[in-house]
Amino acid sequence: MQAAITLEQLEFGWTADQPLLSIQSLQVARGERVFLQGASGSGKSTLLNLIGGVLEPQKGAVHLLDVSLHALNKSRRDHFRADHIGFVFQMFNLLPYLNVLDNVALPCRFSRARRDKAQLRDGSVEAAAQRLLDHLELSDSKLLQRPVTELSMGQQQRVAVARALIGSPEILIADEPTSALDVANRDRFLELLLSECAQEQTTLLFVSHDPGLQSHFDRVENLTQLNGVTTAEEAQ
């Protein structure tokens, strides 16, 4: 199978004398759903920023969809990320001054490729946002015009997923998106997320410290085992 994500000889540290990550190899196939487990402080969020091209490794390479990120300048990396990667952040990062529909449609304002795919599939960006929200059980027309600050945490979470999926990005990265949910809502959320990724054939890299979620995924990787650097938390 073709790879969506490939890491080779990856090394990163905030300072030269304090390495944080040293990963010899990691590959995620297109359409695969991978659970990446790691303790707090193990470098999970840093790794996601490296994969997304927000950070640059000191050594090694990150390849996404057969494109070498290190070969792109910052502007082209930003465009590549907007076109091909959807993010679900731990704190959701929704814009409080936008309503639900506008938050979901936001990636299509920054990516012509995702806007074109949304329009081709659904006729318009708004229709694409509505379809995703319907699938995620947010179909109340009055709710869609409300500021996201008026939604419950569970509703905000689903808005964040719809925003990440709009325009069919090939890769979706989820950073601890279930950490604030109880078990029942967590499992329901995962079911919806995985269903949407399956429909879109989206590669999913899901990062969490909760081993109870592993059974939902095709494969489990442990960052502690992948990483050649021992963090302070692991040494204790």
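**Strands, Rings and Empty Space**

Modeller: Four bridges join β6 to β7, and these two strands run parallel. The model is a predicted one, in which local features need pLDDT of at least 70 and side-chain atom pairs count only at pLDDT 80 or more, whereas totals for chains, interfaces and linings use all residues. Residues are numbered from 1 along each chain as its sequence is written, and side-chain values use heavy atoms, with hydrogens and water left out.

Biologist: What makes β6 and β7 a pair of strands?

Modeller: Helices (H or I, at least four residues) and strands (E, at least two) are DSSP runs, numbered from the N terminus. Two strands pair if DSSP finds at least two bridges between them. β6 and β7 are joined by four bridges, so they meet this rule. Val88 stands opposite Ala174 in β7, and the partner of Phe87 in β7 is Ile173.

Biologist: Which strands form the open sheet whose pairing is parallel?

Modeller: Five strands form that sheet, in the order β6-β7-β8-β3-β9. β6 and β9 stand at the edges with a single partner strand each, so one side of each has no neighbour in the sheet. From one strand to the next, the twist averages 20° (the axes are lines fitted to C-alpha atoms, for helices over the stretch in contact, and angles run from 0 to 180 degrees between N-to-C directions). Within the sheet, five bridges join β7 to β8, and Ala174 stands opposite Phe206 in β8.

Biologist: Why is β7 called largely enclosed by the rest of the structure?

Modeller: A residue is buried under 20% relative accessible area, exposed over 50%, and partly exposed in between (1.4 Å probe, protein chains only). Five of the five residues of β7 are buried, so the strand is largely enclosed. In a regular strand the side chains alternate between the two faces of the sheet. In β7 both faces are covered, with Ile171, Ile173 and Asp175 on one side and Leu172 and Ala174 on the other.

Biologist: Which strands form the open sheet whose pairing is antiparallel?

Modeller: Four strands do, in the order β2-β1-β4-β5. The edge strands are β2 (18–29) and β5 (67–68), each pairing on one side only. β4 and β5 pair over two bridges, and His63 stands opposite Ser68 in β5. The rule asks for at least two bridges, so β4 and β5, with two, satisfy it.

Biologist: How many aromatic pairs does a search of the whole structure find?

Modeller: The search finds five aromatic pairs. One of them, Phe12 and Trp14, is edge-to-face, at 4.9 Å centre to centre and 85° between the planes.

Biologist: Why is the pair of Phe12 and Trp14 called edge-to-face?

Modeller: Rings of Phe, Tyr and Trp (its six-membered ring) pair if their centres lie within 6.5 Å; planes under 30 degrees apart count as stacked, over 60 as edge-to-face and the rest as tilted. A value of 4.9 Å is within that limit and 85° is over 60, so the name follows. Phe12 is buried at 6% relative accessible area, whereas Trp14 is exposed at 59%.

Biologist: Why is the pair of Phe206 and Phe217 called tilted?

Modeller: The ring centres of Phe206 and Phe217 are 5.1 Å apart and their planes lie at 45°, so the pair is tilted. Phe206 lies in β8 (residues 203–208) and Phe217 in the loop between β8 and β9 (219–222), so the pair ties together parts eleven residues apart in sequence. Both Phe206 and Phe217 are buried, and with Phe35 they form one aromatic cluster.

Biologist: What makes an empty space a cavity or a pocket?

Modeller: On a 1 Å grid over the protein atoms alone, a cavity is a set of points where a 1.4 Å probe fits but cannot get out. A pocket is an open set with protein on both sides within 12 Å along at least five of seven lines, and lining residues have an atom within 4 Å of a point. Points are joined across faces, edges and corners, and a volume is the space filled by probe spheres set on them. The largest pocket has a volume of about 520 Å³. Its lining has 22 residues, with Arg81, Ala82, Ile85, Phe87 and Phe89 nearest its centre.

Biologist: How many cavities of 30 Å³ or more does the count give?

Modeller: The count comes to three. The largest cavity holds about 80 Å³, and β4 (residues 59–64) gives the most to its lining, with three residues.
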